[in-house]
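Open the model in your viewer and keep the selection panel handy. We will go from one helix to a sheet and then on to the contact between chains.

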There are 2 protein chains.
Amino acid sequence: MPLGEFDLIARWFTRPARQAVLGVGDDCALLQPRVGCQWAVSSDMLVEGRHFLSTVDPRRLGHKALAVNLSDLAACGATPVAFTLALALPRVDEGFLSGFAEGMWALADAHGIELVGGDTTAGPLNICITVFGELPAGQALLRSGARAGDELWVSGCLGDARLALEVFRGALALPAADFESVRRAMECPQPRVALGQALRGVATSAIDLSDGLVGDLGHILRRAGVGVRLDWSRLPRSEVLAAQPPALQQQCLLAGGDDYELLFTAPADRHAQVLAAGASVGVPVTHIGAVLAGEGLTIVDARGVAIEPGAWRGFDHFAGEAR
Amino acid sequence: MPLGEFDLIARWFTRPARQAVLGVGDDCALLQPRVGCQWAVSSDMLVEGRHFLSTVDPRRLGHKALAVNLSDLAACGATPVAFTLALALPRVDEGFLSGFAEGMWALADAHGIELVGGDTTAGPLNICITVFGELPAGQALLRSGARAGDELWVSGCLGDARLALEVFRGALALPAADFESVRRAMECPQPRVALGQALRGVATSAIDLSDGLVGDLGHILRRAGVGVRLDWSRLPRSEVLAAQPPALQQQCLLAGGDDYELLFTAPADRHAQVLAAGASVGVPVTHIGAVLAGEGLTIVDARGVAIEPGAWRGFDHFAGEAR
């Protein structure tokens, strides 16, 4: 007899609750919020062929499914507490499930977040995780907080995930070690949870980069009602990406998607504090531009000359990539 | 240009937050838990062909997708507060989306629950909702609370949803009015949220019936370490179902699935309180059996004679229906 839904949950997705009042196994999980804390909640759905390739290592998929959600908590500066996992599976594949669970639990343990509930069903492969984080009331980093005069920052490097995708698409080839490096960026993003928390009280706004720098920056611009001047030459990129043709670099850096780095703003007089926050958690942070009064995005080259906007469109899951 | 992800969210799935500190539109929603309250969390994923038919009215699908989640909150006695919606769509179909949103919002408004976030993506149709409810600490109705000597109760009528499914499968035909009645039970379940709250402090355990009476009762038996004697003749059924052959009635009542009624236990000396709780919220409640010391389920006929277990298996999404 095939393994059933409840066996599957019991085998791979049940652990004793540590923080939750009640974990997996009842109609609902029960959580006890700490007094004075707000709850940050986010939900992401991953679909095969859209968010990951069918060939991905299940361990990396388990990691990434949780990572993209943790990245949303990071962007608010929240401390991860709990998550639910809903999983549609075409079949019960033990190799897939044990790998997926291994990757997911490893990242969950690294961030002290626990699985408290969810659902499993038969269906086309689909992974939906909802995360819950805590933060002191009023201290969330929001997109709307950016102010003219702020500096614009980003964590880590941009564009490697997109470069890997282009290799998978057959648009270019890379030496094996370079490919493995950018493939890791695509398949194993490291959510900047500690950085987000370190930026509470320092940054004025933050967003996680999932749809591409220009597209996600647009959310801050619209929410905060500000403009931005972005310095192209400052955009942090890996050596692998820096060795690619300029047009490909531009595509990967500006409209790459799947970066899962934090894009944030902070007052210019907190420049040193931002650098210290990054150093305190071991994550490089780079000053990439300026928040301006007014509207719109200008991208300037190393001489300060505006670059033609060209194809700076965020990745939109329905409209497709307008390139 | 096709409607994009953000347009889609803005048009159908964004409303100003009423209770939430921050609703749709940032990396996370922000919620402010009330002091002294616990949070009940549950997540359900609905897949076409498995949880609903492709022919379903989108309004009813929007209703049902939220209803099955509210039913989990009801089973804990929690007060609905907020939910997230993650939606994979094969295409942007305006007729579908407006109908789906209409059904979802109508039920959300009826229960005072608000949409605070989520995700949309292209992919095979999949709906994943996660709900959050509040309840006073320590007052959740759990599966594990049943005690020997308790009475076993159920709300509403059982089996109509399964009867409708059998009609869709072509196993039988019903007169139009009868079919519409059972089809409504299948497509528009009414989550027993008010009843769940009225049962706090009265019931000792509760579960919502989604996989079939026998299967879901098994969860109470295992969690609480008790046995149950179920009176077959007392099981509440509609006139439409009561007119069907005994074998079909048994299948629908015992292993039907998709009932979304509350199955619960309460001490015998609270019999009148249970009836009063049901009356106070206008939901019929029926005493259908007894909780016993020991293990296992016995089903007895009107004369008190045990019926052969036969095919009392809950619906398992992977193992299939073992009938």
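Start with helix 10 of chain B, residues 271–281, and pick out its buried residues: V274(B), A277(B) and G278(B). Look down the helix axis and you will find these buried residues within an arc of 95°, so they line one face of helix 10 of chain B. Bear in mind as you look that this is a predicted model.

What do those buried residues pack against? Select strand 6 (150–155), helix 6 (193–198), strand 9 (262–267) and strand 10 (285–292) of chain B: these are the partners of the buried side of helix 10. Now turn to the face of helix 10 of chain B that points away from the buried side, where A272(B), A279(B) and S280(B) are exposed. Following the helix, stop at G282(B), which has a positive phi, near 70°.

Next, the sheet. Show both chains, since its 5 strands are ordered 1(A)-2(B)-5(B)-3(B)-4(B); the sheet is open and its pairing is mixed. At its edges sit strand 1 (29–31) of chain A and strand 4 (114–122) of chain B, each paired on one side only. On average, neighbouring strands in this sheet are turned by 20° against each other, direction ignored.

Zoom in on strand 3 (residues 79–89) and strand 5 (residues 126–136) of chain B, which run antiparallel and are joined by 9 bridges. Label T84(B) and you will see T130(B) of strand 5 of chain B opposite. Then add helix 2 (residues 58–76) of chain B, which packs on the sheet and touches strand 2 (37–47), strand 3 and strand 5 of chain B. The direction of helix 2 makes about 25° with that of strand 5 of chain B.

Now find where the sheet crosses between chains: strand 1 of chain A pairs with strand 2 of chain B in the antiparallel sense, over 3 bridges. Select L31(A) and its bridge partner W39(B) in strand 2 of chain B.

Widen the view to the whole contact, which takes 57 residues from chain B and 57 residues from chain A. Which element of chain B gives the largest share of the side touching chain A? Strand 2 of chain B does, with 9 residues. Colour that side of chain B by class and you get 33 nonpolar, 14 polar and 10 charged residues.

For the last stop, superpose the chains: a turn of 180° with a shift of 0.0 Å along the axis lays chain B on chain A with an RMSD of 0.0 Å. That is the relation of a two-fold axis. The same surface serves both copies, with 100% of the contact residues of chain B recurring in chain A.

How values were computed
Residues are numbered from 1 along each chain as its sequence is written. Chains are lettered from A and ligands numbered from 1 in the order in which they are written. This is a predicted model: local features need pLDDT of at least 70, side-chain atom pairs count only at pLDDT 80 or more; totals for chains, interfaces and linings use all residues. Copies are superposed by least squares on the C-alpha atoms of residues with pLDDT of at least 70 in both. Two residues are in contact if their C-beta atoms, placed from the backbone, lie within 7 Å. Two strands pair if DSSP finds at least two bridges between them. Helices (H or I, at least four residues) and strands (E, at least two) are DSSP runs, numbered from the N terminus. Axes are lines fitted to C-alpha atoms, for helices over the stretch in contact, and angles run from 0 to 180 degrees between N-to-C directions. A residue is buried if 20 or more other C-beta atoms lie within 10 Å of its own, exposed if 12 or fewer, and partly exposed in between; C-beta atoms are placed from the backbone. The arc is that of the directions from the helix axis to the C-beta atoms. Ala, Val, Leu, Ile, Met, Phe, Trp, Tyr, Cys and Pro count as nonpolar, Asp, Glu, Lys and Arg as charged, and the others, Gly among them, as polar.
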